[in-house]
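Below is a brief report on a single chain. It covers one helix, the sheet under it, some ring contacts and two loop positions.

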Amino acid sequence: MKIKTWVLIPFICLVMAGIGSLTMDMPPKSPEHANAMAAERTQADRPSVVPDEILHRIKNHFPAETQEHITKDNITMLQVNLKDRPEGSSSFVPQLAVSVALDHLNGLFAIYEQVEGGYKEVYVLEEPVYGVQVLGGGVQQIAFTSGLGGTGVQENKLHVIRHTPEGYAEVWSDIAHSHEAREMIQSVDGTIVYDEQRNELIYFQLKRTMDAAGTILAEKSSYQVLVYNEKTRKYELVG
């Protein structure tokens, strides 16, 4: 299914204007923030304190010399509904999505299920996390941005996680931001919007070439429309 170009032109401009704003320290101002609004929760609905058990589990993923820097204050935690309601129940059993970014080399994203007497870690990726968003209402998906930094090169990826018959898994990933500075600066910025009514994931990408002073020499935007394939357990291009 194709989206009409005349509809997308102003939308792409709005999306690309907001690329890079999805961070831990500042709420996103780009259109993907509208997706999170459908799943917005009051403070009363969110766990107010990171459980001690989860803090301990997170620390175990890091080298001993960095564990003392991990506190409840630098852990971001969200309550999400990634699984359907249990049979015979009218309510969801929520999961906890936690993320940490100590620096450009140390961090993680993890999902915990509540089990009798504690929590079970059901998904983890050990990379610094720079943004998290919840996609959809009802049975939700979660997207996050992560990546490792380096001298002159930075590449962060967008990941979409959902619950599948095989468990919690990454069902799509692509560039969130890449930056390579050589004679010319090459940058790529990407962002996603989830259309819940159509059950489509729309990925927007903006490529730029700049000179050493940061003046834009060339710019190209594009988009992809993806749908979830129940057989492959992945988001795939439409058509």
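D52 and H56 are exposed on one side of helix α3. Exposed means over 50% relative accessible area, buried under 20%, and partly exposed in between, with a 1.4 Å probe and protein chains only. Helices (H or I, at least four residues) and strands (E, at least two) are DSSP runs, numbered from the N terminus.

This is a predicted model: local features need pLDDT of at least 70, side-chain atom pairs count only at pLDDT 80 or more, and totals for chains, interfaces and linings use all residues. Residues are numbered from 1 along each chain as its sequence is written, and side-chain values use heavy atoms, with hydrogens and water left out.

Which residues of α3 are buried? They are I54, L55 and I58. These residues cover an arc of only 105° around the axis, so they sit on the same side of α3. The arc is that of the directions from the helix axis to the C-beta atoms. An α-helix has 3.6 residues a turn, so residues three or four places apart point the same way.

The buried residues of α3 pack against β2, β3 and β4. Contact here means heavy atoms within 4.5 Å. Helix α3 spans residues 52–59 and lies across these strands, β2, β3 and β4, at about 35° to β4. Axes are lines fitted to C-alpha atoms, for helices over the stretch in contact, and angles run from 0 to 180 degrees between N-to-C directions.

The sheet comes next. It is open, has 4 strands in the order β1-β2-β3-β4, and its pairing is antiparallel. Its edge strands are β1 (76–80) and β4 (118–125), and each pairs on one side only. From one strand to the next, the twist averages 25°. Two strands pair if DSSP finds at least two bridges between them. Strand β2 (residues 95–101) and β3 run antiparallel and are joined by 7 bridges. Q95 has E113 in β3 as its bridge partner.

Now the rings. The structure holds 5 aromatic pairs. Rings of Phe, Tyr and Trp (its six-membered ring) pair if their centres lie within 6.5 Å; planes under 30 degrees apart count as stacked, over 60 as edge-to-face and the rest as tilted. F109 and F144 form a stacked pair, 4.1 Å centre to centre with 15° between the planes. F109 lies in strand β3 (residues 107–115) and F144 in strand β6 (residues 141–150), so the pair ties together parts that are 35 residues apart in sequence. F109 is buried at a relative accessible area of 0%, and F144 is buried at 1%. Ring pairs link F109, Y123 and F144 into a cluster.

R162 lies over the face of Y228, 3.6 Å from the ring centre. A charge sits over a ring if NZ of Lys or CZ of Arg is within 6 Å of the ring centre and within 35 degrees of the ring normal.

Two loop residues have positive phi without being glycine.

| Residue | Phi | Loop between | Relative accessible area |
|---|---|---|---|
| N199 | about 55° | β9 (185–195) and β10 (200–210) | 34%, partly exposed |
| R233 | near 60° | β11 (216–229) and β12 (234–237) | 23%, partly exposed |

For the chain as a whole, there are 4 helices and 12 strands. Buried residues make up 44% of the 239 residues. Of the contacts with a separation of 6 or more, 45% come from residues 24 or more positions apart.
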